[in-house]
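Me: I am new to this structure. Please walk me through it in short questions and answers.

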Amino acid sequence: MEALYVSPSSAKSLWQEYRIYADRVEFHTLLGTMAVPFDTIEDVNVLDSDVGALLRGDMRLKNFRPALKLDWANFAEHVVLDKSEGMIHRVLFTPDDPAAFVAALRSAMERWRESTTR
């Protein structure tokens, strides 16, 4: 199956690659590949740097969940993906263009939902 969107590896992502497929997101990391099926994704958003928020006095404690940070997510605009299953329920990562990644993921998830409700 061909990826619908690929965020290529870069220094910002610690040389890891993030891909969107028709039914899942895959994180190609230094420790292996982690797949998140669409039916386990609860929410996905773009957030500014955690460091910038902290400097403004925002501790971001509302809706706090322990997270797996795959790269420099604390220091740059990044994606927050919340999922319902597994040991890790929140994944933070920095694709090449976080807003484009989230838009592509939401679009793919909408097409997937439509195809599974038929």
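Reply: First, a definition: a charge sits over a ring if NZ of Lys or CZ of Arg is within 6 Å of the ring centre and within 35 degrees of the ring normal. Note also that this is a predicted model.

Me: Over the ring of which residue does the charged end of R24 sit?
Reply: The cut-off for the distance is within 6 Å of the ring centre. The charged end of R24 lies 4.1 Å from the centre of its partner ring. That ring belongs to Y21.

Me: Is strand β7 largely enclosed or open?
Reply: Buried means under 20% relative accessible area. In β7, residues 78–83, 6 of the 6 residues are buried. The strand is therefore, with respect to the rest of the structure, largely enclosed.

Me: Which residues of β7 point the other way from H78, V80 and D82?
Reply: In a regular strand the side chains alternate between the two faces of the sheet. In β7, H78, V80 and D82 point one way, and they are buried. The other way point the residues V79, L81 and K83, also buried.

Me: Which residue of β8 is the bridge partner of V79?
Reply: β7 has antiparallel pairings with β5, over 6 bridges, and with β8, over 4 bridges. Opposite V79 stands V46, and β5 covers residues 41–47. In β8, the bridge partner of V79 is F93.

Me: Which residue takes a positive phi in the hairpin of β7 and β8?
Reply: The hairpin has 6 residues between its strands. One residue there has a phi near 95°. That residue is G86.

Me: How many aromatic pairs are there?
Reply: Rings pair if their centres lie within 6.5 Å. By this rule the count is 7.

Me: How many residues apart in sequence are the parts tied together by Y5 and F101?
Reply: The Y5 and F101 rings are edge-to-face, 5.5 Å centre to centre, with 90° between the planes. Y5 lies in strand β1 and F101 in helix α2, so the pair ties together distant stretches of sequence, and the separation is 96 residues.

Me: Is F101 buried or exposed?
Reply: Buried means under 20% relative accessible area. F101 has a relative accessible area of 0%, so F101 is buried.

Me: Which residue does the side chain of E17 join in a polar contact?
Reply: E17 lies in strand β2, residues 17–20. Beyond four places in sequence, E17 touches residues including V6, F27 and H28. The polar contact of 2.5 Å joins the side chain of E17 to that of R19.

Technical notes. Residues are numbered from 1 along each chain as its sequence is written. This is a predicted model: local features need pLDDT of at least 70, side-chain atom pairs count only at pLDDT 80 or more; totals for chains, interfaces and linings use all residues. Side-chain values use heavy atoms; hydrogens and water are left out. Buried means under 20% relative accessible area, exposed over 50%, partly exposed in between (1.4 Å probe, protein chains only). Helices (H or I, at least four residues) and strands (E, at least two) are DSSP runs, numbered from the N terminus. Two strands pair if DSSP finds at least two bridges between them. A polar contact is a pair of N or O atoms within 3.5 Å; within protein, one must be able to donate a hydrogen and the other to accept it, and residues adjacent in sequence count only if both atoms are side-chain atoms. Contact means heavy atoms within 4.5 Å. Rings of Phe, Tyr and Trp (its six-membered ring) pair if their centres lie within 6.5 Å; planes under 30 degrees apart count as stacked, over 60 as edge-to-face and the rest as tilted.
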